[in-house]
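Reader: I am new to this structure and would like a close look at a single part of it, the surroundings of the bound ligands. Please set the scene with the whole chain before turning to that part.

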Amino acid sequence: MPNNNTSIVIPTYNERENIPELLERIHRSMEPSGRPFEIVIVDDDSPDETWKVASLQPDSDRVRVIRRQDEKGLATAVLTGIQAAKYDIVVVMDADLQHPPEKIPELVSRVQNGADIAIGSRFAGHGALEGFSPSRRLLSKGAGLLARTLFREIRSINDPESGFFAFKKSVIAHANLSPVGYKILLEILVQGDYTTVSEVGYTFDKRENGVSKFGVKNAVHYLRHTWSLFLRSGEFHRFWKFVAVGGVGAILNLAVLYALTELGVFYLLAGVIGIEAGLLSNFFLNRSWTFSDRGTSGLRYTLTALYRDHAVRVVGVVINLLILYLLTSLFGVYYLTSQLIGICVAMVWNYGGNQWWTWEPTS
Ligand code: GDD
Ligand code: MN
């Protein structure tokens with residue numbers, strides 16, 4: 001029986017100075033609703049003894065502290081907290097007050113009102129990433145683009161990397177979760193079962209006490225995490241289907257060129273027909289196999305997708321030729337090596353185009 005009460009999961013590492021104000025502000029924001037809630041702090045055996053400070057706080061029957069001594073890491077700490085949570089709605093937030101506790105009731109009420117996941121999103125636009133250096137901003141943008149290309153389900157979400165969100169525990173009941181690093185929400189969005197996501201804007205405050213644990217190793221963790229999600233989510237499988245279909249297209253292209261030329265057709269014309277045969281084979285195989293989950297049918301849709309796919313792949317050919325030229329003539333690379341690199345880059349381009357555009361619904 002869903003009870004609609006809330007467990008607030010907070011990972012901590014060296015946050016002792018932030019604990020008193022954090023707990024006080026959570027209490028003040030949660031109390032008016034009168035609903036039961038609990039706070040689950042998951043501390044990775046902080047040298048500053050955050051675990052001890054937290055368990056000595058007043059109202060300690062509502063606050064549970066889990067001290068992990070065997071494992072470290074934000075995302076797995078959050079998972080530990082979620083597993084320990086006793087209520088059906090779980091809120092995840094940082095301890096350093098960069099996530100305003102005053103926003104929790106709004107996140108929770110979105111879930112109570114039907115959203116499966118409610119995300120606290122750092123405001124879109126400028127000034128949103130307060131306290132982020134330009135390099136971290138750029139990194140964050142690039143990482144976001146990569147994830148959005150691979151995982152379509154997060155494309156319409158403004159802040160899939162947020163560390164501040166609420167969700168129904170049922171979302172992850174059957175999910176295979178195995179995050180690395182920081183991005184627990186990304187993991188839940190790609191692997192969880194849900195239909196409705198709602199976003200609540202908030203300002204990511206400056207950290208007043210303690211230091212961020214974010215560092216170069218987080219960028220590495222992020223890439224490892226994205227890669228592992230790529231494998232586990234089935235998107236890797238999709239990519240290989242796309243490559244295999246491209247291989248079939250290339251063979252067909254050569255076969256048509258050969259057959260028509262042998263039959264007496266001028267080789268350049270035969271080449272054009274061969275290329276088009278390859279494009280059509282790619283298109284129809286991708287439609288019924290690689291991207292069969294995109295619910296693509298109807299004549300109008302097919303024509304639009306066909307046009308889009310051609311547009312994408314023509315640009316792909318230009319990219320391929322450009323790389324062949326630049327690497328060979330400007331950098332002295334052996335022309336076959338240049339071409340191989342060109343083919344790979346064009347393939348990534350084509351895949352991106354298919355993911356972002358070709359198989360999207362027509363408006
Ligand atoms: N248990 C545990 N173990 N907690 C950790 C660890 C760890 O290894 N590393 C960090 N934390 C805790 C911190 O104590 C803090 O409460 C929270 O996780 C966030 O850590 P910060 O180091 O302050 O992260 P940030 O401010 O750079 O980034 C945060 O906010 C972003 C925007 O919402 C993170 O939540 C990001 O995931 C998020 O994108
Ligand atoms: Mn922080």
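Author: The protein chain in this predicted model is built with 11 helices and seven strands. Along the principal axes, its C-alpha atoms fill a box of roughly 90 × 50 × 40 Å. The chain has 363 residues, and 46% of them count as buried. Its accessible surface comes to about 18200 Å², with carbon and sulfur atoms contributing 63% of that area. Among the contacts in the chain with a separation of 6 or more, 77% are accounted for by residues that stand 24 or more positions apart.

With that setting in place, the part to look at closely is the site of ligand 1. There are 27 residues around ligand 1, and those that come nearest are E15, D44, Q98, E161 and K213. Sorted by class, this shell has 10 nonpolar, seven polar and 10 charged residues. Two elements that each supply at least two residues of the shell are the strand β1, which covers residues 6-12, and the helix α3, which covers residues 74-84.

Several pairs of atoms can be followed one at a time around ligand 1. At P11 the backbone takes part, since one of its N or O atoms lies 2.9 Å from an oxygen atom of ligand 1. At H99 the side chain takes part instead, with a polar atom that lies 3.0 Å from an oxygen atom of ligand 1. Y202 also brings a polar side-chain atom to an oxygen atom of ligand 1, here at 3.5 Å. As for cover, ligand 1 taken alone exposes 740 Å², and the protein buries 97% of that area.

Q98, one of the residues that come nearest to ligand 1, also leads to the metal. The manganese ion, which is ligand 2, is coordinated by D96 through OD and by Q98 through OE1, at 1.9 Å. Are these two residues buried or exposed? D96 has a relative accessible area of 5% and is therefore buried, and Q98, with a relative accessible area of 11%, is buried as well; the cut-off behind both statements is that buried means under 20%.

From this stretch of the chain one can move on to R25, which lies in helix α1, residues 19-30. Leaving aside its neighbours within four places in sequence, R25 is in contact with L97, P100, P101 and E102. R25 has a relative accessibility of 16%, so it counts as buried.

The last stop is the loop between β2 (37-43) and α2 (50-55), where D45 has its place. E49 is found in the loop between β2 and α2 too. Most residues other than glycine have a negative phi. Against that background, D45 has a positive phi, near 55°, and the phi of E49 is likewise positive, near 60°. D45 counts as partly exposed because its relative accessibility is 25%, and E49, at 31% relative accessibility, also counts as partly exposed.

Notes
Residues numbered from 1 in each chain as written. Chains lettered and ligands numbered in written order. Predicted model: local features only at pLDDT ≥ 70, side-chain atom pairs only at ≥ 80, totals over all residues. Heavy atoms only, no water. Donors = N, O, S within 2.8 Å, 3.2 Å for Na, K, Ca; no water. Buried < 20%, exposed > 50% of the residue type's maximum accessible area, 1.4 Å probe, protein only. Near = heavy atom within 4 Å. Polar contact = N/O pair within 3.5 Å; in protein donor to acceptor, adjacent residues only side chain to side chain. Areas by Shrake-Rupley, 256 points an atom, 1.4 Å probe, with all protein chains shown as cover. Helix = DSSP H or I, 4+ residues; strand = E, 2+ residues; numbered from the N terminus. Nonpolar A, V, L, I, M, F, W, Y, C, P; charged D, E, K, R; others polar. Contact = heavy atoms within 4.5 Å.
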